[in-house]
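Visitor: I'd like a close look at the salt bridges in this assembly, with enough of the surroundings to place them. Could you walk me through that?

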Amino acid sequence: MLLSITGLSKSFPGTRALDNVTFNLEAGEVHALLGENGAGKSTLIKCLTGAYQRDAGEILLNGQAIHPRSTNEAQDLGIGTVYQEVNLLPNLSVAQNLLFGREPLRFGMTRGRAMRAEAEETLRTYGLDIDVTRDLGSYSVAVQQIVAIARAVQLSGKVLILDEPTASLDAEEVRMIFEVVRSLRDRGLGIIFVSHFLDQVFDLTDRLTVLRNGQHIVTERTSSVDRMQLIEHMLGHQLEEVEEKARSARGSEPDARPELLRFEGLGRRGDVEPFDLRVGQGEVIGLAGLLGSGRTESAEIMFGARAAQSGTARDADGAIAIDTPRNAIAAGFGFAPEDRKTDGIVADLSVRENIILALQASRGWARPIPRSEQKRLADMFIYRLDIRTSDAEKAVGALSGGNQQKVVLARWLAMNPRFLILDEPTRGIDVGAHAEILLLIQEMTAEGMSILVISSELDELIAISDRVIVVRDRRHVAELTGADIDRDTIVRSIAAPDAADGKAA
Amino acid sequence: MSRTLLRIAPQAITLVVLVALISVVFPGFLDISISDGRLVGPAIDILKRGASVALLAVGMTLVIATRGIDLSVGAIIAICGAIAAWGITNDYSLGTTLMMAVAAGLLAGLWNGTLVAVIGIQPIVATLILMTAGRGVAQLITEGRILTFSNDQFAYLGSGDLFGIPVPALLWPVTGVLFAIAMRRTALGLLIEAVGINRRASALAGINATLLLIAVYMASGFCAALAGIITTADIRGADANNAGLWLELDAILAVVIGGNSLMGGRFSIAASLLGAMIIQTIDTGILLAGFPSEYNLVIKAGLVIAILILQSPRLGATWTYWRYALFSRQRGGATQAVREGQE
Amino acid sequence: MKRILTLAAAAVAFGAAASAQTVGFSQIGSESGWRAAETTLTRLQAEERGIDLRFSDAQQRQENQIAAIRSFIAQGVDAILLAPVVATGWDSVLEEAQEAEIPVVLLDRMVDSDPSLFLTAVGSDLVHEGSVAGQWLVDAVAGEECRVVELQGTTGSSPAIDRANGFREAIAEHGNIEIVRSQTGNFTRTEGKEVMESFLQAEGGGADICAVYAHNDDMAIGAIQAIEEAGLNPGEDILIVSIDAVPDIFLAMAEGNANATVELTPNMAGPAFDALEAYWADGTIPPNFIQTESRLYTQDDDPMAEYEARRDLGY
């Protein structure tokens, strides 16, 4: 056993972050450490890296008890860490970052050429052939992440902790990192892998350990666990509750709801053919379909982000204008777009400013929201949506995907809209935030808000929707209600032109 | 308030150091005397001569905050100056003349803003059109000559003084403060920053980005019109060929020295104004020091480079690096440095 | 002006005797008032002599000028006037003109081509202009101590270099005159004023300055304003001498604010047409360079009349 932790406990005023936790790591394995936010993962890691001092328990490294008091001490012992946000200096060269603090010296001066050669050689063993004299910041996050890993391995060399290293990477970059991780495993390192992405956990790890509320829940071989089991371990019974509630709510007939909005003949050539849609008060409408089927286009047309060539929208009082987002917002609409980073958040602005942005825009520039009111709104939503940020003044771009999504949701909740469109609200966010957002959708509809959800995850749509519209080839092809909302029917509607038995819209 | 002070501290420190440097070369640099009831001295000259660039920097700050750039302000100075001189020599009242000049500046801004926000031309290209064509327009108005006038009321705006302080030296701080209030006491500042950082997301949040962009270019045109008026009033004539020539570059430099990112977003008008004063202090300092004129541009470039390097984030990182690399090797200070570097 | 008119009248009589000639004129552009006046005077001169003038404005671009000259050659004009925007790159187009047997006269600026490629060049001697200004100052101070500040033209430009050198030649023998400060004002009023303000600051509020030498009138006008605003009397407390003789400096002279200016005549076309007419009449080859007069004007030369004579030339 490379690393063995027994009876580890750590308390903070008011909470017991770790309670008698056991954890083992073998040399030559990748071990996933899983759990929701607040489950105790980061406390465990901080105890390992010396950032926290444990209250009780024992940590054995190669059979010897260790008591790291600082990150540097942990490093010297052989435990290195790589974080989600690259923890290096982007304005220095790759070589400088890699050899920081142990540059080859001659007469007290660093030797540029020797440094460069050493850096190049090191990185080549990671399959990276790059110009090490360029600024680290000029390379992709994946390359930076690999440099960070290389640095951590060189400094420590026994245990490597990867704390959500893939959170901001795309699929190809994730593959690059995984190759590096596997080669390190084959070299005999013990690797602890922290991630919220279950696919990656199944793809990469040999064993997994789940923590919940500071307690050790289970340690198993990854290959012997199935996905639903794993989620249950992590969430307890939270997700089941969501589905339970949804099913009970779905009892009432959709037609019994008072009508809130009615879209007629809305369409735009090349994007989506004219469709009708009626929206009931407090109803959740799911929009299912493949990527590029016209589902996002439908949403954008309803919000005025894409100009409709035909069609009208009306509510109980008559026609409403939805030709621009401003008009749609004035009509009580909200829209959380699919691509959070480019269309949703304003990255350099603070959490507070992002939350009040739509409200401020609708009040007009001449009537600024008082600073105290902004602060109150921001703090309220940070609390209510459990947005994890150090404070309301932190730049949104620095938050994790799930928290960014919550900020965008908060922006619209601050407007108290009557019709909210959510395009892929749970994509790319961790499993805990996922459940929270689904719960939130239910809370909001209970208060009378109507919501349209677009999602690629059918289970999610089935769990929350009162009605599901299926979009295929830029047409709304089926509308499913009640008992028809099940996986098979939806999949059949999406796949086969003639198999759908819902009424075409 | 303290946040603002913190933001402009680097520029303020740079200005103080610069003044100290020049005082060594030219000891009387900070002397201010009173002659004929008006304050006289190099420092007063800087406040007065820097007025054009400072005014331009106010508008330019806003344009750059939206991730744009306005290359046409120098040409707008020429146009507005020409219109002002034309108006006053054709016996329009001073009020009418000034209104015509300001209207021309706003119109020029409307043109730029429309090209950028409605038609979607890149700002650098859109404003380049007026930059090249504008001077021609100004020449048409002055018929290619220096349009001289002798209206003392108008000239007062350029070379008169109020409570002993030259009028231009009062005009730019007042303009700067009014704009800063308009930005920070309303939501305009926030909305401009949001549009500059992410125009699409801002539009989807209901911000009228198109209108805001046009307004920002019009503000820039307005500031350029004011600069054109004082430039013309100062020399009692409109010189279409030379008025405001290359000033757009000084204005952009002022904004950059003010620490505002050309990538848009967060901005500080106060810091840009300090940037403008830094540039003018260099210019005036060079003139006073009495170097041969061949060295003017080299000295200015050298100082500007030094200032920009001192303000660069990379230098901060390198400094941290060396500090720890050389002095804290034994204590494994590297990660410590990394953490500080992240701050 | 009266003199020019008489000359022109004679020329008209002469020109009418010969058959109407066609002359192409490739002008640099209209970047300054002086340039505009040169264009106006060239048109006037041509009109008075009955010459058909084809005018082309190159807008500061050599390729426009070369295109214009080729087009003049194709039209078969009798002569070409060229105010070249740059000094180099003219050989081939001048050779084309020579092959077509069309004489080319350069105005105002020189080119680096072989002198055989053009008939003659009309221009002023910039060094001479500077020395005329310097000589005036030598005479004006009559041996008394005089500290001079100099407002230079654009650094590195030939007028700035030559006018500086000419002035220094003229005062070289006179130890009582000393240039104490020298800075560029880029030929503009604004910078002339700005630089003068700093000179005043640096030289005891202006008390230590006896005279201003400006490389052009515009900078002198800016300097005059700076001196007035410093509470001194330009023209009396500080002497003002400059070069160009644009209308506004005569206005300043009439008000007693400026003392002297050296004319850079915009009438380059007059001597050029004179030379061309002699060439057409009997093949007289003019000298390689025809120097225009660098006339000195002072407050005694009826500045208001000079102003009136010039104000409509397009300066």
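Guide: Happy to; here is a walk through the salt bridges, with the chains, a sheet and some backbone details around them.

Please keep in mind that this is a predicted model. Over all chains, the structure holds 59 salt bridges. Let us take a few of them, beginning in chain A.

One salt bridge joins the side chains of Asp466(A) and Arg257(A), with an N to O distance of 3.3 Å. Asp466(A) sits in the loop between helix H17 (458–464) and strand S21 (467–472) of chain A, and Arg257(A) in the loop between helix H9 (238–249) and strand S13 (259–268) of chain A, so this pair ties together parts that are 209 residues apart in sequence. Both Asp466(A) and Arg257(A) are buried.

Glu393(A) forms a salt bridge with Arg352(A), and here the closest N and O atoms are 2.7 Å apart. Glu393(A) belongs to the loop between helix H14 (371–384) and helix H15 (401–413) of chain A, whereas Arg352(A) is in helix H13 (residues 351–363) of chain A, so the pair ties together parts 41 residues apart in sequence. The two partners are not equally covered: Glu393(A) counts as partly exposed because its relative accessibility is 26%, while Arg352(A), with a relative accessible area of 4%, is buried.

Chain C offers another example. Arg189(C) and Asp218(C) form a salt bridge whose closest N and O atoms are 3.3 Å apart. The pair links distant parts of the chain, with Arg189(C) in helix H7 (residues 189–202) of chain C and Asp218(C) in helix H8 (residues 217–229) of chain C, 29 residues apart. Both Arg189(C) and Asp218(C) are buried.

Salt bridges can also share partners, and one network of this kind is made up of Arg268(A), Asp271(A), Glu300(A), Arg306(A), Asp343(A) and Arg200(B).

That network brings us to the chains themselves. Among the 2 pairs of chains that touch, the most contacts are between chains A and B. Chain A and chain C do not touch, and their nearest C-alpha atoms are 39 Å apart.

Chain A is divided into domain 1 (3–91 + 135–236), domain 2 (260–332 + 418–505) and domain 3 (343–416). The C-alpha centres of domain 1 and domain 2 of chain A are 39 Å apart. Chain B is divided into domain 1 (2–311) and domain 2 (314–343), and the C-alpha centres of these two domains of chain B lie 40 Å apart.

Confidence is worth a look in chain B. The mean pLDDT of chain B is 90, with 93% of its residues at 70 or more. Within chain B, confidence is highest in helix H3 (residues 51–65), at a mean of 98, and lowest in helix H16 (residues 334–342), at 41. Over residues 328–343 of chain B the pLDDT is below 50, and beyond near neighbours in sequence this stretch has 30 contacts in the model.

Now back to chain A for a sheet. In chain A, 4 strands form an open sheet in the order S2-S1-S4-S5, with antiparallel pairing. Strand S2 (15–25) and strand S5 (64–65) of chain A stand at the edges with a single partner strand each, so one side of each is left without a neighbour in the sheet. Strand S1 (residues 3–12) of chain A runs antiparallel to S2(A), and 7 bridges join the two. Ser4(A) stands opposite Asn24(A) in S2(A). Helix H1 (residues 41–49) of chain A lies across S1, S2 and strand S4 (56–61) of chain A, and runs at about 115° to S1(A).

Two backbone details round off the tour. Most residues other than glycine have a negative phi. Asn20(A), found in strand S2 of chain A, has a positive phi of about 55° although it is not a glycine. Gln59(C) is not a glycine either, and has a positive phi of about 45°. Gln59(C) lies in the loop between strand S2 (52–57) and helix H3 (62–75) of chain C, and counts as exposed because its relative accessibility is 56%. Leaving aside neighbours within four places in sequence, Gln59(C) is in contact with Ile28(C) and Gly29(C).

Definitions and conventions. Residues numbered from 1 in each chain as written. Chains lettered and ligands numbered in written order. Predicted model: local features only at pLDDT ≥ 70, side-chain atom pairs only at ≥ 80, totals over all residues. Heavy atoms only, no water. Domains from an automatic or database assignment. Contact = heavy atoms within 4.5 Å. Pairing = 2+ DSSP bridges. Axes fitted to C-alpha atoms, helices over the stretch in contact; angles between N-to-C directions. Salt bridge = Lys/Arg side-chain N within 4 Å of Asp/Glu carboxyl O. Buried < 20%, exposed > 50% of the residue type's maximum accessible area, 1.4 Å probe, protein only. pLDDT = per-residue confidence, 0-100.
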